[in-house]
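Open the model in your viewer and keep the selection box at hand. Each stop below says what to select next and what is there.

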Number of protein chains: 2
Amino acid sequence: MKPGLRFLIAAKRCEITELDQLARTSALVESVARLIHELQRERGLSNLYLASCGRRWADERSSQIGRSDAAQAGVLACFDDLDTEDGALRLGARLHARIAYALQGLDALVTLRQRIDAQATSPAQASADLARLISALLAVVFEAADSATEPLISRRLVALFNFMQGKEFAGQERATGSAMYAAGEPDIQGQQRLLHLIDSQERCLQTFGEFASPAMWARWLSAPQAEDLVRLERMRRIVSTTPPGQPLCGANSQDWFDACTSRIDTMRRIEEALVAELLGLCRERTACARLELEQLQAATPSAGPDADFFSRPTPTDLAASDKADSEHAYGHQLGRSMLDLVQDQARRLQAMEDELETVRSSLHERKLIERAKGLLMAHRQLSEEAAHKTMRQMAMSQNRRLVEVAEAVLAMADVLPSPR
Amino acid sequence: MKPGLRFLIAAKRCEITELDQLARTSALVESVARLIHELQRERGLSNLYLASCGRRWADERSSQIGRSDAAQAGVLACFDDLDTEDGALRLGARLHARIAYALQGLDALVTLRQRIDAQATSPAQASADLARLISALLAVVFEAADSATEPLISRRLVALFNFMQGKEFAGQERATGSAMYAAGEPDIQGQQRLLHLIDSQERCLQTFGEFASPAMWARWLSAPQAEDLVRLERMRRIVSTTPPGQPLCGANSQDWFDACTSRIDTMRRIEEALVAELLGLCRERTACARLELEQLQAATPSAGPDADFFSRPTPTDLAASDKADSEHAYGHQLGRSMLDLVQDQARRLQAMEDELETVRSSLHERKLIERAKGLLMAHRQLSEEAAHKTMRQMAMSQNRRLVEVAEAVLAMADVLPSPR
């Protein structure tokens, strides 16, 4: 076999390995999504339980904990599958580190539940603690999206991550509103937080729309949520406009919880469809790459005139000017020269990299914004919503993009005093 | 063992695998650097041979081809080492694709040499053909730098790549000047090309300075090249200011070739030192990571209060505000809690990623500029130097950075007609 062909085959094997890895990561994402969903329900019920001073919701919460535990067992089994000598080498160091952190959170969940049982924590605190655990789990999904090397799968993972993050904001909204409805009156922090969560949800769903398949975006838009949304919007209005300390009229905690839950359950169904689509895409791409591998292995390219190497455009030039051709890279390899095959593959890899670059820059921006927010929270003792608001106001007054403000905040990190 | 610790260990194993991979890639870079050096000498001699109409330099060229072949055998052996089932899985698809393309070039070298033997090509054409082969080999080095995941090794690879690219421009300068001195008179294309090559060399060496270790940068600055440079600058001035078609006075092709060669040989010695530094760095980092792995494997972290998970800053917040601490992440693990270990590692990985981002953005910019240049060359039938000049003029007149102009050029790719 010509040495060039051997390397083309090796390159294709790399792609297949990466696709196998993505399939495993996607299975992990599936189980994490299920666990997050159960933890979100548990958070809602724990809030109601605490706000009712333990008088109600105990049974519901207890059976929900059972469901959370079952989902957690699924995630742990998935982690175990990954944590083999073999898996360790394939997946990146950062994904493992994220998993290690999430596992710390799952360990800590046991004592958190005991504190809730004993009513030794407030609804707001319990809610914040569970949100942190969920955020550690979401970070695993984020990392999975960030490490994906196939552009379309990467896009779908970014869409899924944003949808899950949006759903988590919806879950926090449910918890925040539940606490106020259960207390019978709104408070100013709760109201501000609610508005922040609604706003954050909408931004996530917008990014979801950018990266989702048209089919899934349409499915989300046509999901049977209109009626729920009307009820929810009415209660959102009531809880955010009732003066703090005044009684909440026209809806009770049950109504709020049900409306939010109905919306979140709808989101969960879409989420399941997104995961199914993702897993199908992984299978499809892997099958396609395996077929291409077989074609390469069976290929008997003609040598072609050597001088072609010197006279043809280089793969880089081609990639810049000739993307459309890359669609036809495979399938008609009969009678093609070795150089044709090499150039096809180089072009295709370059096109893939260009697409990945687009997807990753969106993740990178999010990372910068989150970290700048974290910095402001740590150094100025701000709540998350206050930190976000500060940055948005800076962006507006300076007429800059949010990510530029985040970069400026992070650049100041070295001159700020340490928070500890 | 606590599951969290298992994942920390798995994450460390990933790092070690990546470092092993980098050591292999660096060994490949070493052999490629040697081959490029020999091909550069061969190009110089082939030019002199062609320009003298085959009357001189035949023996020198013939023994140089022997040295090129020996270096090529070294590269092929390195490629063979990589191309195992095992290697295919570790290194990326793109590196393999680059190697496949470079192998096509090495195949084509045989017939190119025959054309030169038969004087069936011009000095300029032979020079351009060999430059293209060298550029395919440099692309392998570029890809190695781009795929490195350890920030310091990545910086050194970027420094090395830029140094090698600068040396290649010096080699092209030697060939371009040799042709004019051997012909006894300058021509306008040759003169323009020479100025472009001098300018490109200087830009590469500047980038080299940004990413090299201070020791290597100092070594380059103090390299015994002053005397050579005086001679070279004098001859550069003569060949670029003598009116085209007028005889070149005050220096002959032998003087030019010797001065350039002396400079390139100095560069080669620095290049060897850079490679040695790189290989040493790989060994050092691997040893360090293995020690950290042993420490982790022997660690018996205390459980620590679970509530710490909820009360401590998240790893992301820490990474943004607390980089200095990451220096002390390892070495005093006694009495540390599991959460300490998890947070240390997350922080360290985040700091590594931040550094990598900086290095990669420099590579990314170069990639965009090269591709925009390739596009202009293909669509407007421009020479490389004319394409570069066009972009630089656009940048100056629009007061934008070169990379912004490149982005604008690439964005127009879709509306330009296909070059074929």
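Select A:H196, which lies in helix 7 of chain A, residues 188-211. The model shown is a predicted one. A:H196 has a relative accessibility of 8% and therefore counts as buried, the cut-off for that class being under 20%. Which residues does A:H196 touch, leaving aside those up to four places away in sequence? They are A:E384, A:E385 and A:H388. Add these three to the selection to see the contacts of A:H196.

Next, aromatic rings. A pair of aromatic rings is described by the distance of the centres and the angle of the planes. Over all chains, the count of aromatic pairs comes to 18. Select A:F163 and A:W220: their ring centres are 5.3 Å apart and their planes stand at 90°, so this pair is edge-to-face. Where in the chain do A:F163 and A:W220 sit? A:F163 belongs to helix 6 of chain A (residues 151-183), while A:W220 belongs to helix 8 of chain A (residues 214-221). With their positions 57 residues apart in the sequence, the pair links distant parts of the chain. Are A:F163 and A:W220 buried or exposed? Both are buried. Now add A:F208 and A:W217 to the selection; together with A:F163 and A:W220 they form one aromatic cluster.

For another pair, go to chain B and select B:F309 and B:F310. The ring centres of B:F309 and B:F310 lie 5.2 Å apart, and the angle between their planes is 85°, so this pair too is edge-to-face; the class asks for an angle over 60 degrees. B:F309 counts as buried, at 2% relative accessibility. B:F310 is buried as well, with a relative accessible area of 10%.

The next stop is a charge over a ring. Select A:Y49 and A:R61: A:R61 lies over the face of A:Y49, 5.3 Å from the ring centre. Then select B:Y49 and B:R61, where B:R61 lies over the face of B:Y49, at 5.3 Å from the ring centre.

Now look at the backbone. Select A:W57, found in the loop between helix 1 (3-51) and helix 2 (58-82) of chain A. What is the phi of A:W57? The angle is near 70°, a positive value in a residue other than glycine. At 9% relative accessibility, A:W57 counts as buried.

In chain B, select B:C53, placed in the loop between helix 1 (3-51) and helix 2 (58-82) of that chain. B:C53 is not a glycine, yet its phi is positive, at about 55°. Its relative accessibility is 44%, so B:C53 counts as partly exposed.

Stay with the cysteines. A:C53 is partly exposed, at 45% relative accessibility. B:C78 has a relative accessible area of 18% and is therefore buried. How many disulfides does the structure hold? Over all chains there are zero.

The last stop is helix 5 of chain B; select residues 123-147. At 1.5 Å a residue, the 25 residues of this helix should span 36 Å, and the end C-alpha atoms are 36 Å apart, which agrees. Colour helix 5 of chain B by accessibility: 19 of its 25 residues are buried, so the helix is mostly covered.

Key:
Residues are numbered from 1 along each chain as its sequence is written. Chains are lettered from A and ligands numbered from 1 in the order in which they are written. This is a predicted model: local features need pLDDT of at least 70, side-chain atom pairs count only at pLDDT 80 or more; totals for chains, interfaces and linings use all residues. Side-chain values use heavy atoms; hydrogens and water are left out. A disulfide is a pair of cysteine sulfur atoms within 2.5 Å. Buried means under 20% relative accessible area, exposed over 50%, partly exposed in between (1.4 Å probe, protein chains only). Rings of Phe, Tyr and Trp (its six-membered ring) pair if their centres lie within 6.5 Å; planes under 30 degrees apart count as stacked, over 60 as edge-to-face and the rest as tilted. Helices (H or I, at least four residues) and strands (E, at least two) are DSSP runs, numbered from the N terminus. A charge sits over a ring if NZ of Lys or CZ of Arg is within 6 Å of the ring centre and within 35 degrees of the ring normal. Contact means heavy atoms within 4.5 Å. The expected span of a helix is 1.5 Å times one less than its number of residues.
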